[in-house]
Amino acid sequence: QLKEASVAINYVNNQQLQRFSNSSILPALNNTPGVRMEERSPGSYRLNLRGSTLRSPFGVRNVKVYWDGIPFTDPGGGTYLNQLSFYNFNSLEIIKGPGGSLYGAGTGGVILIHSQPEKWQQGLDVNYLGGSFGLQNINIKVQAGQEDRNTTINYAHLNSDGYRDHTAMRRDVITWQSKIKSSEKQQLSASLLYGDLYYQTPGALNKNEFTANPKSARPAAGAFPSADAAKAAIYQKTFLAGITNDYNFSDAFQNTTTLYGAFSQIKNPTFRNYERRMEPHFGGRSVFRWNKPINSSMLRIIGGIEAQKGFFNTKTFKNKLGNPDTLLTDDDINTYTYSVFAQADLHLAHDWNITAGVSVNSSSIEITRLSVASFVPVKRKYNSEWAPRIAISKRIVQNLWLYASVSRGFSPPTTQEILPSTSVISTGLQAEHGINYEAGVKSSWLQQRLYVEVNAFYYQLKNAIVQRKDASNADYFDNAGSTKQRGIESQAAYQLFEKQNSFLRYGRISISHTLNNFKYNDFKQAANDYSGKQLPSVAKNSFTASLDIVTKPGIYANLTYFYSDPIALNDANTDFASSYNLLGARIGWRKKIKSIALDLFAGGDNLFDVQYSLGNDINAAGGRYYNIAAGSNYYAGVSFQWAKK
């Protein structure tokens with residue numbers, strides 16, 4: 001159970017995902033402590049687990065992501081999370097902090113995505129949503145077969161005109177997933193995913209531009225054109241195929257092996273240039289599990305290996321009105337990564353649990369600049385020392401558990417950090433590493449109706465990788481000495497009532513709070529000393545509250561409130577984004593008639609019509625920090641589900 005796990009985990013189930021507009025997982029993730037998901041403009045996601053956005057001017061980095069057990073993070077360290085539609089998520093497990101004892105290198109955390117419900121049913125789902133700014137979201141899912149042999153086909157389309165100039169987007173995703181249980185010992189699963197994503201990138205504004213017209217796209221500045229003139233956008237296509245074999249050698253010994261191949265194509269006209277990336281890669285993961293009862297105790301051992309190999313190519317051109325012009329650089333990038341890991345869980349008498357794990361990680365990158373004659377390939381290899389983790393938990397009284405853990409994190413720079421938008425090869429960039437100390441309490445009371453969790457951590461990170469901007473506002477990365485990251489994450493959920501025969505059938509209230517005290521410990525750059533300064537991109541306090549009510553006739557309501565403290569926008573802490581309060585609501589009517597379930601709903605986000613920025617450009621040249629988020633916006637939709645009995 002969640003309360004017995006000696007690690008900080010947020011579990012986001014399907015019911016929590018369905019509390020909002022059914023177009024994005026962002027509000028559900030931001031409703032959990034220690035997590036901040038950002039959207040600088042529609043489709044442009046960033047994800048922060050305990051401050052990891054510091055490395056991510058865009059995309060998802062330093063967070064390892066798996067989709068139904070398939071590595072979704074490529075061997076270069078990038079994750080195209082925006083390639084997935086809302087309907088590719090059924091639930092998520094978010095593991096915060098270093099996960100090296102099972103999931104390889106990384107200091108931010110791990111996200112495990114489950115696209116399928118625990119209980120499979122033959123049926124048909126049709127969903128439609130319309131909303132402000134030309135939002136349309138369509139989903140069709142067909143599930144055919146039997147429980148031991150089945151196929152699921154899912155198609156999702158989303159398009160929007162955007163709430164700001166030059167922010168239109170479109171995404172189409174189709175998946176095919178099949179399972180065959182050939183015997184009581186063996187099950188084979190296959191998955192295919194194809195995604196086609198396009199979104200315009202408006203660029204960040206400085207304070208004067210933001211004040212004058214926060215919805216405008218970036219204007220022309222000096223030698224650089226406007227966002228419209230440059231036709232700045234992302235064209236992104238991804239294909240992924242994976243196969244997983246589960247085999248039970250015995251009741252005590254099992255293996256799960258996954259092999260996959262993927263290909264991503266990205267075209268990105270920007271203010272500075274036109275970038276085109278081709279990223280084929282493949283990999284696999286094999287995990288063995290062994291369980292052994294020992295008198296009144298239980299020993300579980302997990303061990304395995306994960307490896308990935310990529311053959312990337314990145315070309316940059318001059319950007320001529322959104323089309324590639326003169327070739328600037330042409331780079332072949334060969335990268336690989338592997339991790340060997342093992343973990344033992346010992347459940348002792350008197351409710352003691354001990355977990356000990358360790359991994360060895362290695363990654364390598366080789367860059368050959370084909371556009372330079374007689375170029376000598378640049379190589380860099382990153383080897384971690386042992387990355388151990390040990391944790392102890394104990395049940396103090398009935399339904400009250402305490403845990404403590406110590407773990408070491410190691411994270412090499414990603415491909416896009418070594419070869420950023422400046423096109424300067426930065427193989428001198430060091431891997432970041434550090435020790436994480438953590439302790440927490442988890443409890444459930446009042447016949448499981450009240451759940452409370454509080455955890456505190458202290459993370460000492462060395463060689464922290466941070467984003468910086470040059471005079472042209474291009475991204476590059478640097479090692480920032482050391483940081484001290486202290487935090488307290490707390491959450492509570494209380495089931496108000498659950499009475500099948502009452503008009504008010506179900507009620508639940510939940511709150512969460514995140515306190516982050518993240519500071520540079522020792523960071524000097526040229527004549528600037530940032531030691532003791534607050535880390536940019538991380539709010540000191542954030543708070544969420546939610547209320548869910550369901551009535552006997554099927555009418556329901558979901559209310560959500562979110563608050564964020566001001567956020568530092570640069571290392572010197574001279575500029576801050578303002579604090580903000582958000583209110584969202586969804587009301588609807590659900591009715592189940594035999595095998596058909598119908599859901600009619602409507603709602604709104606940012607009902608206070610707050611002007612704020614959800615995704616700032618950190619350390620931006622000329623103070624170009626600001627990307628306005630959507631003001632008050634509304635939606636309505638219908639969901640039809642048929643399930644065979």
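**Exercise 1. Find which helices and strands each supply at least two residues of the lining of the second largest cavity, and which gives the largest share.**

*Solution.* Start with the elements: α2, β12 (149-160), β13 (169-181), β33 (555-564), β36 and β38 (633-643) each supply at least two lining residues. Helices (H or I, at least four residues) and strands (E, at least two) are DSSP runs, numbered from the N terminus. Next, pick out the largest share: 4 residues, from β36. Keep in mind that this is a predicted model, where local features need pLDDT of at least 70, side-chain atom pairs count only at pLDDT 80 or more, and totals for chains, interfaces and linings use all residues. Residues are numbered from 1 along each chain as its sequence is written, and side-chain values use heavy atoms, with hydrogens and water left out.

**Exercise 2. Describe the second largest cavity by its volume, its central residues and the classes in its lining.**

*Solution.* First, what counts as a cavity? On a 1 Å grid over the protein atoms alone, it is a set of points where a 1.4 Å probe fits but cannot get out; a pocket is an open set with protein on both sides within 12 Å along at least five of seven lines, and lining residues have an atom within 4 Å of a point. The structure holds 11 cavities of 30 Å³ or more. The second largest has a volume of about 830 Å³, a volume being the space filled by probe spheres set on the points, which are joined across faces, edges and corners. Of its 39 lining residues, Leu26, Pro27, Glu39, Asp605 and Asn633 are the closest to the centre. Finally, sort the lining by class: 20 nonpolar, 16 polar and 3 charged. Here Ala, Val, Leu, Ile, Met, Phe, Trp, Tyr, Cys and Pro count as nonpolar, Asp, Glu, Lys and Arg as charged, and the others, Gly among them, as polar.

**Exercise 3. Follow strand β28 to its pairing partners.**

*Solution.* Two strands pair if DSSP finds at least two bridges between them. On one side, β28 (residues 482-498) pairs with β25 (residues 450-462) in the antiparallel sense over 13 bridges; there, glutamate 453 has glutamine 491 of β28 as its bridge partner. Now turn to β29 (residues 504-522), which pairs with β28, again antiparallel, over 16 bridges. In this pair, alanine 492 is matched with isoleucine 511 of β29. To finish, trace the connection: a hairpin joins β28 to β29 through 5 residues.
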